[in-house]
Structure formats: structure tokens, C-alpha cells
Amino acid sequence: SNPTRRPSSDTTDSTTAMSKRALGSSGAKRLVYVDHNHLVAPAGQNLAHLTLPTTQHHTPSSNTAHAFTTLAPAHSPHGVSMLAASHAAHVLAYTEHVLRPPIRLVSAQALAAPASLAASPLAVLDDASSPLGYTALAFSADGERLAAASRSDSPRLLVWLWRSGVLLHEAALASPLLEVAFSPADPTLLC
């Protein structure tokens with residue numbers, strides 16, 4: 001008998017509201033699970049962070065407070081454009097709505113200390129040939145690789161070993177990608 005965790009209506013309402021804000025009208029932004037208890041979503045210039053309850057049995061009658069915080073990682077007033085999380089590496093990657101945006105990678109533990117989120121990124125990946133930013137970000141299942149689809153007149157797919165900043169692969173695309181994903185079985189295969 002495997003206990004099933006059922007979120008309270010408060011959690012469901014908070015998650016639904018966060019999801020609606022994250023998706024907006026474009027659908028390009030999204031809600032990501034950093035781990036089993038933390039959700040993050042782009043919210044204008046900020047990242048919205050929701051901490052879910054950690055108990056196995058959560059009943060609607062219990063009064064568990066849900067920590068909903070707003071993080072300000074943006075270096076520009078135009079906000080966060082793309083977001084990805086790696087459960088394996090405990091890392092969050094994001095880009096902003098600016099020309100030639102770098103991809104910033106921060107520790108998921110930094111969510112507990114919002115001041116350190118923008119101050120000390122683990123890595124900053126910069127691709128000067130992606131002047132309009134990115135349409136998709138994704139980590140491999142092992143958390144070692146980060147893929148990004150560029151938004152430009154000549155869209156490209158880029159794959160980095162993010163810890164070292166080494167660009168492993170670059171491929172021209174016929175049209176921009178809206179989503180990119182690694183195979184869960186093989187971190188060298190992209191879908």
C-alpha cells in the first residue's frame with residue numbers, strides 16, 4: 001500500500017493560480033517543479049516560488065501554511081522569459097526578456113535565500129549569436145547537459161555541459177522550436 005499524497009484545496013488553488021500566471025497568453029512560460037516540494041514559475045520581472053507541504057498524508061482540514069514567495073532574479077526590468085529545472089543537479093536555469101540574454105544557472109537551495117539568487121549564479125552561459133533569446137530550455141535527466149533553442153532569424157539548437165560552460169553541440173534548425181526535451185533513458189538524445 002503506497003500512500004498517495006493529496007494536496008489540500010489551498011495548495012491546489014495556489015498551484016492553479018500560479019500556473020495560470022505562468023502560462024499567460026503565450027504559453028511559452030511555464031511552471032516547473034524544482035523538487036517534490038518546490039514549484040517555480042516566471043511572474044513578470046520575478047520568479048514566483050511556492051513551497052508545498054512535506055507530509056505524506058495531507059488532509060483538506062489541516063491548516064498547513066504554504067510559503068509563496070516572489071524572487072527577483074531579473075537583471076532587466078523586462079522580466080524572465082524561459083525557465084528550466086534539474087531535479088538531479090538541484091539547479092534552476094532562466095533567461096530574461098532582453099537582447100542577447102545569457103542563461104543564468106542558480107542553485108535550487110538559493111530559493112531559500114532569495115538575495116543570493118541573482119548575486120551568485122553557479123554559471124552564466126552566453127551565446128552572442130542568439131540575439132533575440134531562447135524559445136526553450138531543458139536539462140538532461142542526469143542534470144549535466146542543458147539544451148536551448150534560440151529565437152532568431154536563423155534558429156539553432158545548442159547543448160552545453162553547463163558546469164564547465166563547454167558548448168557540446170550546435171545545430172541549425174529549419175524553424176524555431178517551442179519545446180525541447182532530453183530522452184530520460186539517454187542524456188545524449190534530444191526530442
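The following exercises, with worked solutions, concern the strands, cores and two loop residues of a predicted model.

In this predicted model, local features need pLDDT of at least 70 and side-chain atom pairs count only at pLDDT 80 or more, while totals for chains, interfaces and linings use all residues. Residues are numbered from 1 along each chain as its sequence is written, and side-chain values use heavy atoms, with hydrogens and water left out.

**Exercise 1.** Determine which residues have the most contacts inside the largest nonpolar core, and which strand gives the largest share of this core.

*Solution.* Step 1: a nonpolar core is a set of buried Ala, Val, Leu, Ile, Met, Phe, Trp, Tyr and Cys residues joined through side-chain atoms within 4.5 Å. Buried means under 20% relative accessible area, exposed over 50%, and partly exposed in between (1.4 Å probe, protein chains only).

Step 2: the largest such core has 17 residues, and Ile103, Leu105, Phe139, Leu146 and Trp162 have the most contacts inside it. Strands (E, at least two residues) are DSSP runs numbered from the N terminus. Those giving two or more residues to this core include strand 7 (103-107), strand 9 (134-139) and strand 10 (145-150).

Step 3: strand 9 supplies the largest share, 3 residues.

Step 4: apart from this core lies another, of 12 residues, among them Leu83, Leu92, Tyr94 and Val106.

**Exercise 2.** Identify the residues that Phe139 touches, not counting residues up to four places away in sequence.

*Solution.* With contact taken as heavy atoms within 4.5 Å, the partners of Phe139 include Ala84, Val91, Leu105, Leu146, Trp162 and Phe182.

**Exercise 3.** Describe the burial and the pairing of strand 10.

*Solution.* Step 1: in strand 10, 6 of its 6 residues are buried. Arg145, Ala147 and Ala149 point one way, and Leu146, Ala148 and Ser150 point the other way.

Step 2: two strands pair if DSSP finds at least two bridges between them. Strand 10 pairs with strand 9 in the antiparallel sense over 5 bridges, and the bridge partner of Ala138 is Ala147.

Step 3: strand 10 also pairs with strand 11 in the antiparallel sense over 5 bridges, where Ala147 stands opposite Val159.

Step 4: strands 9 and 10 form a hairpin with 5 residues between them, and Gly143 in the turn has a positive phi of about 80°.

**Exercise 4.** Locate His90 and Arg100 and state the exposure of each.

*Solution.* Step 1: His90, with a positive phi near 55°, is in the loop between strand 5 and strand 6. His90 is partly exposed, with a relative accessible area of 36%.

Step 2: Arg100, with a positive phi near 50°, is in the loop between strand 6 and strand 7. Arg100 is partly exposed, at 48% relative accessible area.

Definitions and conventions: Helix = DSSP H or I, 4+ residues; strand = E, 2+ residues; numbered from the N terminus.
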